[in-house]
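Q: Please show me how a model of this kind should be read, one feature at a time.

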Amino acid sequence: MTIEQQRQGFAFTGSGFPTDQESLRFRWASSRMSAQIYHEPNSGTSPAQEEEQSGSEPTRELRNMVFPMALKKAVRQVQQMQAPAQFSGGSWKQKKTIFVRKFKSNVREFLYFFSLWGKTLQKIGGNFGGGVQSYFIFLRFLVVLNFVSFLLIAGFVLIPSIVFGSVDIKPEISEANVLSAQIHADCLKYDPNPQGLVVFYEFLLDLLSGTGFMEYSYMFYGYYNNTVVVTSLVGSDFSYNIPLAYLLTAVFYFAFCLICIIARMGKVARVAVTTGGSDVRSYSMIVFTGWDYGCLGSKATKLKQRNIYYRLQVDLEEERLKKHAASLTLCNKVTLYSLRVLMFFVAIGLIVATFVAIAYATTFSQENNNVQGFLGLFYTYLPSIVITTGNFLVPLLCDQIALLEKYPPSATVVVALLRAVVLRLVSLGILLYTLWNQIECHGSTDTCPCHYNHNNYQCWETSVGQEMYKLTLFDLLVSIALLVLVEFPRRMVVDHWSCKLTQWVGRQEFVVPSNVLGLVYGQTVVWTGALFCPLLPLINTVKFVILFYCKKITLFYNCRPALRTFRSTTSAFFFLAVLLFGWILALVVMIYSVAEIHPSFACGPFRSFLRMWKIVPDSLAILPKGTRDFLFFIGSQAFSVPLFAVSCVFMCYFIALASIYGKSVAILRAQLKLAGQDKQFLVKQIEKMKLLSPQDNEGKQD
């Protein structure tokens, strides 16, 4: 049989359907037709634009060729020398486009030079890869977010309070405050200022616990007044409502943080979609696009090689576990699921036990808050100690439990992280619930004339702010203590003492997920206490800056990168989703505090109101009639219902647009898959031709 007969023999099968070769021809024909359809010249294109497009075609073809960069550069120089001089408008537009592109690149490089920790992040990414670098980028994002939030609070609350307090301006005191002072005279007792001289160690204790000289300062809620400042500036009356500014600043602070989180989540989601999402784990993506060209030095190269090796090993292990799970008998499946259910209840029991310990520690601490000295400081920090201990021990136990459950490697990490997230954020919620249960008054008006527990909490907002302040400060002190007392000694022992125990322990791994969850927990604490401690974002900014350098020292001197790494695309979106969950928890706290609990009568800007939010309708009532009617119209159903309908229309439009783009991406992926099959088919045909060519030569010789 000749080669031509063989080619005709496998063109169609006996059933009459086209084979792989015929389908390949059909696809080639369809691709040529689509090229003719989608690439026909536009009738509205000007000659200058056509000339510009034709001039860019050789450059585009040269760019697509697989040549070394030096050879491409030489060919481009030869093309430029042979090209005739052009003075058309299209050439001028092309030069202008190149100039604008270069200008934008130079501006971007100039701004990158002044970016916060730009060179440090580049060094971290080059030596430890993009996974570890994502933690420090996330930390820088939180530093900038907290600093801008502090500027917002300082501009509308802190600076006006300082200016009006230093300048002798007589404020207007509302009549409701006078009436409340006459009715609730016992509820106005609040004297946080210490009497007489203060010993140095008491000064230190006050600094750590937020009491004494710090309690009645700009740090906490109780220092701010409930006054409306009215003065004359440049011949016109000027009024500033401090309570309204305090509440609206807190609202805009939460809204600003939400906008920043959503914007960053959108950016990360676009990167995750373009890189393929879950398809990143495929073999071809890891082999051909998994290398990090930012690695510097042989050590970083070996780390990246081990990282890629582990990713391939994880994928193979997951495939093996899937095949093993598919081959399990009914008895083995019942045993495995029973073990997982048992371990699930064990993990839930540990988490619930931690919650109960936090509740008891908070109750005990609040009942013994009058104890002085270092014992009183220990009682004050007892909830923070229990929360930090639980957040450290329970995730370690949950990691071991997740290994016993025999999940796939990626599912094991995700399950352990979800349990850690629930533990950290819900533990903060348990602390706040216990505080609220003690603050609220459950009796009648006769037994509780102040509508809250005034005997134990003369200014309950300041007490909640002190708890959040202590949690933030204690988290920073624990991080510094771990660096000095645990991580440095461990590295010294491992490096200078060679035995089987030190080899088994090794250096500490820099685990990105647990470190990022610590940042999320700290930021949630700040959001929760920002209403009661306005300077908490500034404290958190300083804390995160110190934490950045501590983690940098730990990374370069004490730790080795974790072998079980998180993918930077999916992990960044997951961390931002957890941060959004913490924001929602803090928002619930703010809404409940503003709408449900009666403000303190003796302190704060809302001492004359039944609820904090009552300042809004009272302030709207004094506005001019036109402005008041406009604002009431915005808040009415006549405006909100059409706005909701229009928003739904836009959402449906963008959802449909996203669906169309998703289908387009699916079609392109299918075309890439078909192109791969075509290449495999052509390779097989070439191999068959090579096998048949010696036989043809032998036949000709015969």
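**Reading the model**

Q: What is the relative accessible area of D629, and how is such a value classed?

A: Buried means under 20% relative accessible area, exposed over 50%, and partly exposed in between, with a 1.4 Å probe and protein chains only. D629 has a relative accessible area of 36% and is therefore partly exposed. K625, at 56%, is exposed. The model is a predicted one, in which local features need pLDDT of at least 70 and side-chain atom pairs count only at pLDDT 80 or more, while totals for chains, interfaces and linings use all residues. Residues are numbered from 1 along each chain as its sequence is written, and side-chain values use heavy atoms, without hydrogens and water.

Q: How should the confidence be read, and where is it lowest and highest in the chain?

A: The predictor states its confidence in each residue as pLDDT, from 0 to 100. Here the chain averages 75, and 74% of the residues score at least 70. The lowest confidence is in helix α2 (residues 20–38), with a mean of 41, and the highest is in helix α19 (residues 536–558), at 91. Helices are DSSP runs of H or I with at least four residues, strands are runs of E with at least two, and both are numbered from the N terminus.

Q: Over which residues does pLDDT stay under 50?

A: Where pLDDT is low, the predicted coordinates should not be read in detail. One such stretch is residues 1–55, which have 34 contacts beyond four places in sequence; contact means heavy atoms within 4.5 Å. Another is residues 277–281, with 12 contacts of this kind.

Q: How is a salt bridge recognised, and how many are there by this rule?

A: The rule asks for a side-chain nitrogen of Lys or Arg within 4 Å of a carboxyl oxygen of Asp or Glu. The count comes to 3. One joins D629 and K625, at 2.9 Å from N to O; these residues are 4 apart in helix α22 (residues 625–634), so about one helical turn separates them. In another, the closest N and O atoms of K470 and E467 are 3.1 Å apart. Because K470 and E467 are 3 residues apart in helix α16 (residues 460–496), about one helical turn lies between them. Both K470 and E467 are buried.

Q: Which salt bridge links distant parts of the chain?

A: K543 and D475 meet through their side chains at 3.0 Å, N to O. K543 belongs to helix α19 and D475 to helix α16, 68 residues apart. Both K543 and D475 are buried.

Q: Which contacts does L555 make beyond its neighbours in sequence?

A: L555 is found in helix α19 and, at 0% relative accessibility, counts as buried. Beyond four places in sequence, L555 is in contact with I124, F128, V132, F136 and F510. The C-alpha atoms of L555 and V132 are 9.2 Å apart, although 423 residues separate the pair along the chain.

Q: What does N515 contact beyond four places in sequence?

A: N515 is in helix α18 (residues 512–529) and is buried, at 15% relative accessibility. Its contacts of this kind are with Y135, F510 and K551.

Q: Where does UniProt place the feature "transmembrane region"?

A: UniProt positions are given in the numbering used here, feature names are shortened, and annotations may be inferred rather than shown by experiment. The unreviewed UniProt entry places this feature at several spans, including residues 244–263 and 374–398. In the model, residues 244–263 are 100% helix and 0% strand, with end C-alpha atoms 28 Å apart. Residues 374–398 are 96% helix and 0% strand, and their end C-alpha atoms lie 34 Å apart.
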